[in-house]
Amino acid sequence: MVEMRCRRQTSTGFTLLEVLVTLVVIALGLLGLAALQVRTQQAEFEAYNRVQALVLLDAIVNRINANRATAPCYAITTGGGAPYLGVPDAGHAGAITCSGYGDVNTQQLAVNDLDEWDRVVQGTTELVGATAVGTALGARGCISFDPASSAYTVAVAWQGIAETS
């Protein structure tokens with residue numbers, strides 16, 4: 001006689017619970033990847049603004065060096081960071097004038113340099129429609145002179161989207 005044994009088949013494959021746990025783990029991983037992407041875009045925007053600020057700084061420093069006879073005319077910022085060039089609000093320098101240094105031509109050159117730098121800091125040299133997009137967001141430029149050290153300080157600040165240290 002042939003004996004037939006019934007074997008109980010063990011179930012193979014995935015259970016619904018295992019599938020759900022896998023989906024949760026994948027969803028959390030994708031959320032982490034999305035958060036990383038957002039942070040990367042913020043860092044890229046901040047790096048772009050830093051590069052724009054460096055370009056602005058280099059431009060005005062070169063102009064001051066080229067017009068040394070009238071260099072004191074470039075020092076528009078007094079105490080407290082005002083007046084400044086850039087965002088046209090209450091602290092904006094307004095109309096630039098220069099007298100007492102160099103000759104009339106170098107004085108006019110300094111005024112023209114500062115007016116042009118003001119437009120560049122505001123971003124109005126590059127427009128998309130009517131919106132100025134040519135520089136860092138909310139940029140402000142300050143140029144001051146310290147008589148004790150005979151040094152000019154040029155600074156550019158802007159409105160970032162993430163806090164920095």
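Mentor: Welcome! One definition before we begin: a residue is exposed when its relative accessible area is over 50%, buried when that area is under 20%, and partly exposed in between. Please also keep in mind that this is a predicted model.

Trainee: Thanks! Is Ser99 buried or exposed?

Mentor: Start with its place, which is the loop between E1 and H2. Its relative accessibility is 56%, and the cut-off for this class is over 50%. Ser99 therefore counts as exposed.

Trainee: Which residues does Ser99 touch, not counting those up to four places away in sequence?

Mentor: It helps to look across the fold here, at Pro72, which is 27 residues from Ser99 along the chain. The C-alpha atoms of Ser99 and Pro72 are separated by 9.6 Å. Beyond four places in sequence, the residues that Ser99 touches are Cys73 and Gln107.

Trainee: Which cysteines form a disulfide?

Mentor: In general, a disulfide is a covalent bond between the sulfur atoms of two cysteines. Searching the whole structure turns up 1 disulfide. Its sulfur atoms are 1.6 Å apart, and they belong to Cys73 and Cys98.

Trainee: How many residues apart are Cys73 and Cys98 along the chain?

Mentor: Cys73 sits in the loop between H1 and strand E1 (85-86), whereas Cys98 sits in the loop between E1 and H2. The disulfide thus joins distant parts of the chain. Their separation is 25 residues.

Trainee: What is the handedness of the disulfide of Cys73 and Cys98?

Mentor: The torsion about the S-S bond settles this, and here it is about 50°. Because of that torsion, the disulfide is right-handed.

Trainee: Are Cys73 and Cys98 buried or exposed?

Mentor: Cys73 has a relative accessibility of 9%. For Cys98 the relative accessible area is 15%. The cut-off is under 20%, so Cys73 and Cys98 are buried.

Trainee: How far is Cys142 from the nearest cysteine sulfur?

Mentor: Cys142 takes part in no disulfide. With 19% relative accessibility, Cys142 counts as buried. The nearest cysteine sulfur is that of Cys73, at a distance of 18 Å.

Trainee: Where is Thr70, and what is its relative accessibility?

Mentor: Thr70 lies in the loop between H1 and E1. Leaving out residues up to four places away in sequence, Thr70 touches Cys98, Tyr101, Gly102, Thr106, Gln107 and Ala110. Thr70 counts as buried, because its relative accessibility is 0%.

Trainee: Now for the core. Which element gives the most residues to the largest nonpolar core?

Mentor: That core has 21 residues, and Ile60, Ile64, Tyr74, Leu114, Trp117 and Ile143 have the most contacts inside it. Two or more residues come from each of helix H1 (16-66), helix H2 (104-122) and strand E5 (151-157). The one that gives the most, with 5 residues, is H2.

Trainee: Which residues is Trp117 in contact with, leaving aside neighbours within four places in sequence?

Mentor: Trp117 is one of the core residues with the most contacts inside the core. With those sequence neighbours set aside, the contacts of Trp117 are Leu56, Ile60, Arg63, Leu85, Gly141, Cys142, Ile143, Val154 and Val156.

Trainee: Which strands are at the edges of the sheet?

Mentor: The sheet is open, with 3 strands in the order E1-E4-E5 and antiparallel pairing. An edge strand here pairs on one side only, which gives E1 and E5.

Trainee: How many bridges join E4 to E5?

Mentor: Strand E4 (residues 140-146) and E5 run antiparallel. Among the pairs, Ser144 has Thr153 as its bridge partner, and Gly141 stands opposite Val156. The bridges joining E4 to E5 number 7.

Trainee: What angle does the direction of H1 make with that of E5?

Mentor: H1 packs on the sheet and touches both E4 and E5. The angle between the directions of H1 and E5 is about 150°.

Trainee: Last one: which residues form an aromatic pair?

Mentor: A search of the whole structure finds 1 aromatic pair. The pair is tilted, with 4.7 Å from centre to centre and 45° between the planes. One partner is partly exposed at 35% relative accessible area, and the other is partly exposed at 29% relative accessibility. In that order, they are Phe145 and Tyr152.

Notes:
Residues are numbered from 1 along each chain as its sequence is written. This is a predicted model: local features need pLDDT of at least 70, side-chain atom pairs count only at pLDDT 80 or more; totals for chains, interfaces and linings use all residues. Side-chain values use heavy atoms; hydrogens and water are left out. A nonpolar core is a set of buried Ala, Val, Leu, Ile, Met, Phe, Trp, Tyr and Cys residues joined through side-chain atoms within 4.5 Å. Buried means under 20% relative accessible area, exposed over 50%, partly exposed in between (1.4 Å probe, protein chains only). Helices (H or I, at least four residues) and strands (E, at least two) are DSSP runs, numbered from the N terminus. Contact means heavy atoms within 4.5 Å. A disulfide is a pair of cysteine sulfur atoms within 2.5 Å. Two strands pair if DSSP finds at least two bridges between them. Axes are lines fitted to C-alpha atoms, for helices over the stretch in contact, and angles run from 0 to 180 degrees between N-to-C directions. Rings of Phe, Tyr and Trp (its six-membered ring) pair if their centres lie within 6.5 Å; planes under 30 degrees apart count as stacked, over 60 as edge-to-face and the rest as tilted.
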